[in-house]
Every structure is written in C-alpha cells, then in structure tokens.
Amino acid sequence: MTKYILIAKDNKYKNKLEFESDDLSEVVANLEIFLKGGGFFFEGVLDIHTGKVETNAMHHVYTNEDDDDDTGRQSQETS
C-alpha cells in the first residue's frame, strides 16, 4: 500500500496529514481534507471526472429527487 505524507508549513503553523491508500478516490478525499485543514475554503468536493458519478464514504451526490428544498446543494447532472 502506498503511504502519503502531506505537509504545509507557514511560520509557526504546520499542517500534516499521513495516510495509506491504493485507491484514487481515497487519495483525492484525503487531499480535500488536507486543503481544508490548511485553511482553503471552497464549495463542492474535489473529484476526478471519469464520465460517471461515483460516491464514497465521505461524499454523497444529491440527485434532483433528493433536493426537496432549495438549499443550494449540488445536484447530479445527467447526460
């Protein structure tokens, strides 16, 4: 299994995340956690677009049926 160590240093601040994974979706999910832990704020989730919608334990893709109210959640687009 591949081990990843992500480190960001800025003056007295240090953000470090270590994890092991051979699954691309887990690596991308951990990269998102690392970026948010480092103070980056963004809407949505990081994703690798493969042409089909996939979910993992950290993310749920909302469909139009899930969106009963207008709360600004991301909807799944179909082609």
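**Reading the salt bridges**

User: What is the relative accessible area of Lys16, and is Lys16 buried, exposed or partly exposed?

Analyst: Lys16 is partly exposed, because its relative accessible area is 43%. Here buried means under 20% relative accessible area, exposed means over 50%, and partly exposed is in between (1.4 Å probe, protein chains only). Keep in mind that this is a predicted model, where local features need pLDDT of at least 70, side-chain atom pairs count only at pLDDT 80 or more, and totals for chains, interfaces and linings use all residues. Residues are numbered from 1 along each chain as its sequence is written, and side-chain values use heavy atoms, leaving out hydrogens and water.

User: Which residue does Lys16 meet in a salt bridge?

Analyst: Side chains of opposite charge can pair when their charged atoms come close. The rule for a salt bridge is a side-chain nitrogen of Lys or Arg within 4 Å of a carboxyl oxygen of Asp or Glu. Lys16 pairs this way with Glu18, at 3.1 Å from N to O. Glu18 is itself partly exposed, at 40% relative accessible area.

User: How many salt bridges are there by that rule?

Analyst: Three. Another one joins Lys3 to Glu18, with the closest N and O atoms 3.4 Å apart. Lys3 sits in strand β1 (residues 3-10) and Glu18 in strand β2, so this pair ties together parts 15 residues apart in sequence. Strands (E, at least two residues) and helices (H or I, at least four) are DSSP runs, numbered from the N terminus. Lys3 is partly exposed as well, with 49% relative accessible area.

User: Where do Lys36 and Glu32 lie?

Analyst: Both are in helix α1, four residues apart, which is about one turn of the helix. They form a salt bridge too, their closest N and O atoms being 3.2 Å apart. Take a look at how much of each one is covered: Lys36 counts as partly exposed at 36% relative accessibility, whereas Glu32 is buried at 6%.

User: Which residues do salt bridges with shared partners join into one network?

Analyst: Lys3, Lys16 and Glu18. You've already met both of the pairs involving Glu18: Lys16 with Glu18, and Lys3 with Glu18.

User: Where is Asp22, and is Asp22 buried or exposed?

Analyst: Look at the loop between β2 (13-20) and α1 (24-37), and you'll find Asp22 there. Asp22 is exposed, with a relative accessible area of 56%.
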